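Please open the model in the viewer and keep the sequence panel visible. The tour below proceeds by selection, from helix pairs to cores to single residues.

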Amino acid sequence: MTDFERIQSLWNQQPDASQSETAMTIMTRAETDSKRLLATHRGTMVTLSATVLILAGYFWTYGTTSNRTVLVGSLLMVVSLLLRIGVEYVSYRRFARIKLNTDLRTCLEQISAFHRVRQQIQFVVTPLSFGSYVWGFILLLPYIKAGVSEGFYLYIIFSGTLFLLLIGVVIYRQIRGEMRLLAQLKASYATLLEN
């Protein structure tokens with residue numbers, strides 16, 4: 001092998017600068033997506049916890065334990081939120097354990113498994129939890145109607161319905177965003193594995 005061939009061989013063994021830059025860009029995007037997912041989980045847990053505290057404070061203050069229907073409605077609302085907080089906490093811990101800078105294949109498998117679990121949670125547990133919350137609210141309506149004026153009752157019906165519709169839209173958008181982020185994360189690692 002001549003000197004020229006040896007130098008050319010060494011030159012050809014150099015890593016492609018554009019390829020490593022692309023890999024760095026993908027890794028940076030994956031880390032950003034990961035941080036956004038964890039922030040979303042934390043935000044959901046804080047929002048749900050604040051709602052539980054407000055509801056529990058209201059039910060505690062106004063003594064809803066004397067009427068069985070009201071007690072069931074109150075418990076449905078609070079327990080559905082508590083279960084959801086528990087599910088979010090377990091998901092948060094599971095996702096936080098995924099080490100994004102380890103073996104790419106293992107990381108992709110863990111992210112794919114997490115994505116499947118989140119799909120089950122978002123498409124099964126979330127509707128059940130939201131439905132239980134709404135059912136609890138509906139059970140409380142006769143109790144509320146007996147305790148307030150007709151006008152205020154209509155206001156509660158209107159504002160409660162509007163609130164539940166708004167929350168439904170927010171939940172839908174949050175689920176869509178989370179699924180998109182997880183799909184991007186999976187695609188990023190799949191791209192890195194192909195290169």
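At what angle do α3 and α4 pack, and how far apart are their axes? In this predicted model, the angle between α3 and α4 is about 165°, and their axes lie 7 Å apart. Since angles over 145 degrees count as roughly antiparallel, α3 and α4 are therefore roughly antiparallel to each other. Rotate the view until one helix lies in front of the other: α3 passes α4 in a left-handed crossing. Colouring this contact by residue class gives 18 nonpolar, ten polar and four charged residues.

**The whole chain**

Next, select the whole chain and display it as a cartoon. Five helices and zero strands are present, and the order of elements from the N terminus is α-α-α-α-α. The chain has 195 residues, of which 32% are buried. If contacts are drawn between residues at least 6 apart in sequence, 82% of them join residues at least 24 apart.

**The pair α4 and α5**

Now select α4, residues 104-147, together with α5, residues 150-194. Their axes cross at roughly 175° and come within 10 Å. That value makes α4 roughly antiparallel to α5. The residues in the contact of α4 with α5 comprise 27 nonpolar, seven polar and six charged.

**The largest nonpolar core**

Turn to the side chains in the interior. The largest nonpolar core has 21 residues, and those touching the most other members are Phe95, Ile98, Ile111, Leu185 and Tyr189. At least two residues of this core come from each of α2 (17-61), α3 (68-96), α4 (104-147) and α5 (150-194). Which helix supplies the largest share of this core? The answer is α5, with seven residues.

Centre the view on Ile98, one of the residues just selected. Setting aside residues up to four places away in sequence, Ile98 touches Cys107, Gln110, Ile111 and Phe114. Within that list, Ile111 is also among the residues that touch the most other members of the largest core.

Remain in this region and select Ser34, which belongs to helix α2. Is Ser34 buried or exposed? Its relative accessibility is 8%, and the cut-off for buried is under 20%, so Ser34 counts as buried. Beyond its neighbours within four places in sequence, Ser34 is in contact with Phe95, Leu100 and Leu185. Phe95 and Leu185 have already appeared among the residues of the largest core that touch the most other members.

**The second core**

Move to the second, separate core, which has 17 residues, including Val78, Phe137, Ile144 and Leu164. Select Phe137, found in helix α4. With a relative accessible area of 17%, Phe137 is buried. Which residues does Phe137 contact, leaving aside its neighbours within four places in sequence? They are Met77, Ile156, Gly160 and Leu164. Leu164 is itself a member of the second core. To follow the link to Met77, draw a distance between the two C-alpha atoms: Phe137 and Met77 are 60 residues apart along the chain, yet these atoms are separated by 7.0 Å.

Finally, select Gly136, also found in helix α4. Gly136 is buried, with a relative accessible area of 0%. Apart from its neighbours within four places in sequence, Gly136 is in contact with Gly73, Leu76 and Met77. Met77 therefore serves as a useful residue to keep displayed here, since contacts reach it from Phe137 and from Gly136. A last distance can be drawn from Gly136 to Leu71: the two residues are 65 residues apart along the chain, and their C-alpha atoms are separated by 9.2 Å.

Technical notes: Residues numbered from 1 in each chain as written. Predicted model: local features only at pLDDT ≥ 70, side-chain atom pairs only at ≥ 80, totals over all residues. Heavy atoms only, no water. Core = buried A, V, L, I, M, F, W, Y, C linked by side-chain atoms within 4.5 Å. Buried < 20%, exposed > 50% of the residue type's maximum accessible area, 1.4 Å probe, protein only. Helix = DSSP H or I, 4+ residues; strand = E, 2+ residues; numbered from the N terminus. Contact = heavy atoms within 4.5 Å. Axes fitted to C-alpha atoms, helices over the stretch in contact; angles between N-to-C directions. Parallel < 35°, antiparallel > 145°, perpendicular 65-115°, else oblique. Left-handed = near helix turned anticlockwise from the far one by under 90°. Nonpolar A, V, L, I, M, F, W, Y, C, P; charged D, E, K, R; others polar.
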